[in-house]
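Reader: Hello! I would like a close look at one part of this protein, the packing of its interior, and then a walk outward to the charged side chains. Could you take me through it in one go?

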Amino acid sequence: IRARLEQQAAGRDERRHVVHVAVRVHVERESVREPQHGPDAELPTEHGDFLIHIFESRLDGATHVALAKGDLGDGHNVLARVHSSCVTGDIFHSSRCDCGQQLDMALKRVAAEGRGVVLYLHQEGRGIGLANKIRAYALQDRGRDTVEANEQLGFEADERDYATAVHMFQLLGVKSLRLMSNNPKKLAGVT
């Protein structure tokens, strides 16, 4: 897999990066690691109509979602975001993070382009789960930063795993993508 990272301002967020990833898939297609592609249906949203795809993990039963817009065609140069679930940001619009804003911006950009995919992975709180995320919030209230709080709880700074995302892209026919992310480390996870 070859990748090139370009810093590009997107809206008002100067930290946002657009990553162009030429995906040459060399991922083992272990049936256990690959999520099962479940049902799909039309999903009208405030950003237009998407096709919602459900993927179920064979490892832990977690349900992941892909929102696809337009004809992905040959699967090359697809605008994409890999978004980890964030109940506090995505649903309750917490000011502790900008997750909900990132998700909204990704959906808007895919809708404007008329073609793309937003993956929504079930891996709350950098992969530590909602209850532990709230425990980390309590530690942050006492002066810890996110990394320190996660480590104090016995976790790595970031426990997220992007192997499922790679498999989901494969199953959707995505061969290369332009990844919308404010986390350049995510590049390593999807390449």
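Author: Happy to; here is a tour that begins with the chain as a whole, moves into the core and ends with the charged groups.

Please keep in mind that this is a predicted model. The chain holds 7 helices and 8 strands. Of its 191 residues, 43% count as buried. If you take the contacts between residues at least 6 apart in sequence, 65% of them join residues at least 24 apart.

Now to the interior. In soluble globular proteins, nonpolar side chains tend to be buried together. Here the largest nonpolar core has 19 residues, and those with the most contacts inside it are Ala66, Val82, Val117, Leu119, Phe169, Leu172 and Val174. The elements giving two or more residues to this core are β5, β6, β7, α6 (163–172) and β8 (176–181). Helix α6 gives the most, with 4 residues. A second, separate core of 10 residues includes Leu103, Ala106, Val110 and Val118.

Phe169 is a good residue to centre your view on. Setting aside residues up to four places away in sequence, Phe169 touches Ala80, Val82, Val117, Leu119, Val174 and Leu177. Among these partners, Val82, Val117, Leu119 and Val174 are also listed with the most contacts inside the largest core. As for aromatic pairs, the count comes to 0.

Next, a polar residue: Ser84, found in strand β6. Is Ser84 buried or exposed? Ser84 is buried, because its relative accessible area is 8% and buried means under 20%. Its side chain makes a polar contact with the side chain of Gln123, at 3.1 Å. Leaving aside neighbours within four places in sequence, Ser84 is in contact with Asp90, Leu121, Gln123, Arg160 and Tyr162.

One of those contacts, Arg160, leads us to the charged groups. Arg160 forms a salt bridge with Asp158, their closest N and O atoms being 2.6 Å apart. Asp158 is partly exposed, with a relative accessible area of 31%. This bridge belongs to a total of 6 salt bridges found in the whole structure.

Another salt bridge joins the side chains of Asp74 and Arg115, with 3.9 Å from N to O. Asp74 lies in the loop between β5 (63–69) and β6 (78–84), and Arg115 in the loop between α2 (99–113) and β7 (116–121), so the pair ties together parts that are 41 residues apart in sequence. The two partners fall into separate accessibility classes: Asp74 is partly exposed at 48% relative accessible area, whereas Arg115 is buried at 19%.

Within helix α2 you can find a local pair. The side chains of Lys108 and Asp104 meet in a salt bridge of 3.2 Å, N to O. Because they are 4 residues apart in this helix, Lys108 and Asp104 are separated by about one helical turn. Lys108 is partly exposed, with 45% relative accessible area, and Asp104 also counts as partly exposed, at 25%.

Finally, two charged side chains sit over aromatic rings. The charged end of Lys69 is over the ring of Phe50, 5.4 Å from the ring centre. Arg96 lies over the face of Tyr137, with 4.3 Å to the centre of that ring.

Definitions and conventions:
Residues numbered from 1 in each chain as written. Predicted model: local features only at pLDDT ≥ 70, side-chain atom pairs only at ≥ 80, totals over all residues. Heavy atoms only, no water. Salt bridge = Lys/Arg side-chain N within 4 Å of Asp/Glu carboxyl O. Buried < 20%, exposed > 50% of the residue type's maximum accessible area, 1.4 Å probe, protein only. Phe/Tyr/Trp six-rings, centres within 6.5 Å; stacked < 30°, edge-to-face > 60°. Lys NZ or Arg CZ within 6 Å of the ring centre and 35° of its normal. Core = buried A, V, L, I, M, F, W, Y, C linked by side-chain atoms within 4.5 Å. Contact = heavy atoms within 4.5 Å. Polar contact = N/O pair within 3.5 Å; in protein donor to acceptor, adjacent residues only side chain to side chain.
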